[in-house]
Amino acid sequence: MNMQSKSARTLLISIALLALVACSAPEEAEEFRLPISINEAMASLINHSADPIWIAAWQNPQSDQDWRELEHLARQLQVGGALITIPGTGPVDQMWTNRAEWQRYSMALSDSAGRAVNAARSKDLELIKRSGDEIVAICEGCHIDFKPDLPTMNIYGELSPTSDDIGN
Ligand code: HEC
């Protein structure tokens, strides 16, 4: 091997090593976070998509379009439940999401919303009511455990009667 090809080979190996170093991820990859706080997700996504499911139990969807809209909202709640397992920008988000109970409530919410999706697809009012009642119990359970001092309960108590409240 002549000098020239030897140094060319050394150069190639150096480039390969450099590429390896450049490609290896930084030791502590930044953990993924939502771009908003969990409280904002509550108001704009979770609460927003859950309300119409409760309302549908007494103000029944009429057209195919109404049912379709309800299906989309239930899907938003389904993905919303899964999203709040990830901390966002709120000061104590991480503390909440680290708790096993938090994860359990969030995924239970997502699962119930998944049942609401199926109910909307099959236009089944009975199942809409049932999943709506499941959902409200999960919201309340988590709020009692994680935000006992804050008055959210009144908000959806007023806006969103469950099928029990209206006696059917
Ligand atoms: C996994 C736990 C959890 C679940 C499930 C949950 N929430 Fe929340 N929610 C919270 C916490 C904690 C806060 C307070 C966040 C804060 O103050 O930063 C909150 C805040 C809210 C707020 C904002 C209220 C305020 O005072 O600013 C609304 C509205 C809300 N939740 C509605 C709901 C509804 C409706 C559901 C069910 C469809 C639900 N939440 C399910 C934990 C939960």
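**Entry 1: Lys 123**

I started at Lys 123, which has 15 C-beta neighbours inside 10 Å and so counts as partly exposed. For the record, I'm working from a predicted model. To be called buried it would have needed 20 or more such neighbours, and to be called exposed 12 or fewer. I then looked up where Lys 123 sits: in the loop between H5 and H6. Its backbone caught my eye too, since phi is positive at about 50° although Lys 123 is not a glycine.

**Entry 2: around the ligand**

Next I went to the ligand and found 25 residues surrounding it. The closest are Asn 39, Met 42, Ala 50, Cys 139 and Cys 142. Which helices supply at least two residues each to this shell? I noted H2 (38-58), H5 (100-121), H6 (125-146) and H7 (152-159). H2 gives the most, with 7 residues. I also sorted the shell by class and got 18 nonpolar, 6 polar and 1 charged residues.

**Entry 3: H2 against H6**

Two of the helices that supply the shell, H2 and H6, were my next stop. Their axes come within 9 Å and cross at roughly 135°. Why do I call H2 and H6 oblique to each other? Roughly antiparallel would take an angle over 145 degrees, and roughly perpendicular one of 65 to 115, so the pair is left as oblique. H2 passes H6 in a left-handed crossing. On the H2 side I listed Ala 50, Ile 53, Trp 54, Ala 56 and Ala 57 as making the contact. On the H6 side I have Ile 128, Lys 129, Ser 131, Gly 132, Ile 135 and Val 136. By class this contact has 8 nonpolar, 2 polar and 1 charged residues. Ala 50 turns up in this contact and is also among the residues closest to the ligand.

**Entry 4: H3 against H5**

Last, I checked H3 (residues 64-83) against H5: the axes are 7 Å apart and the angle is about 165°. That makes H3 and H5 roughly antiparallel to each other, because the angle is over 145 degrees. Here, H3 passes H5 in a left-handed crossing. From H3 the contact includes Trp 67, Leu 70, Glu 71, Ala 74 and Arg 75. From H5 I noted, among others, Ser 106, Met 107, Leu 109, Ser 110 and Ala 113. The residues of this contact divide into 11 nonpolar, 5 polar and 3 charged.

Definitions and conventions: Residues are numbered from 1 along each chain as its sequence is written. This is a predicted model: local features need pLDDT of at least 70, side-chain atom pairs count only at pLDDT 80 or more; totals for chains, interfaces and linings use all residues. A residue is near a molecule or strand if its C-beta atom, placed from the backbone, lies within 6 Å of it. Helices (H or I, at least four residues) and strands (E, at least two) are DSSP runs, numbered from the N terminus. Ala, Val, Leu, Ile, Met, Phe, Trp, Tyr, Cys and Pro count as nonpolar, Asp, Glu, Lys and Arg as charged, and the others, Gly among them, as polar. Axes are lines fitted to C-alpha atoms, for helices over the stretch in contact, and angles run from 0 to 180 degrees between N-to-C directions. Angles under 35 degrees count as roughly parallel, over 145 as roughly antiparallel, 65 to 115 as roughly perpendicular and the rest as oblique. A crossing is left-handed if the near helix is turned anticlockwise from the far one by less than a right angle, and right-handed if clockwise. Two residues are in contact if their C-beta atoms, placed from the backbone, lie within 7 Å.
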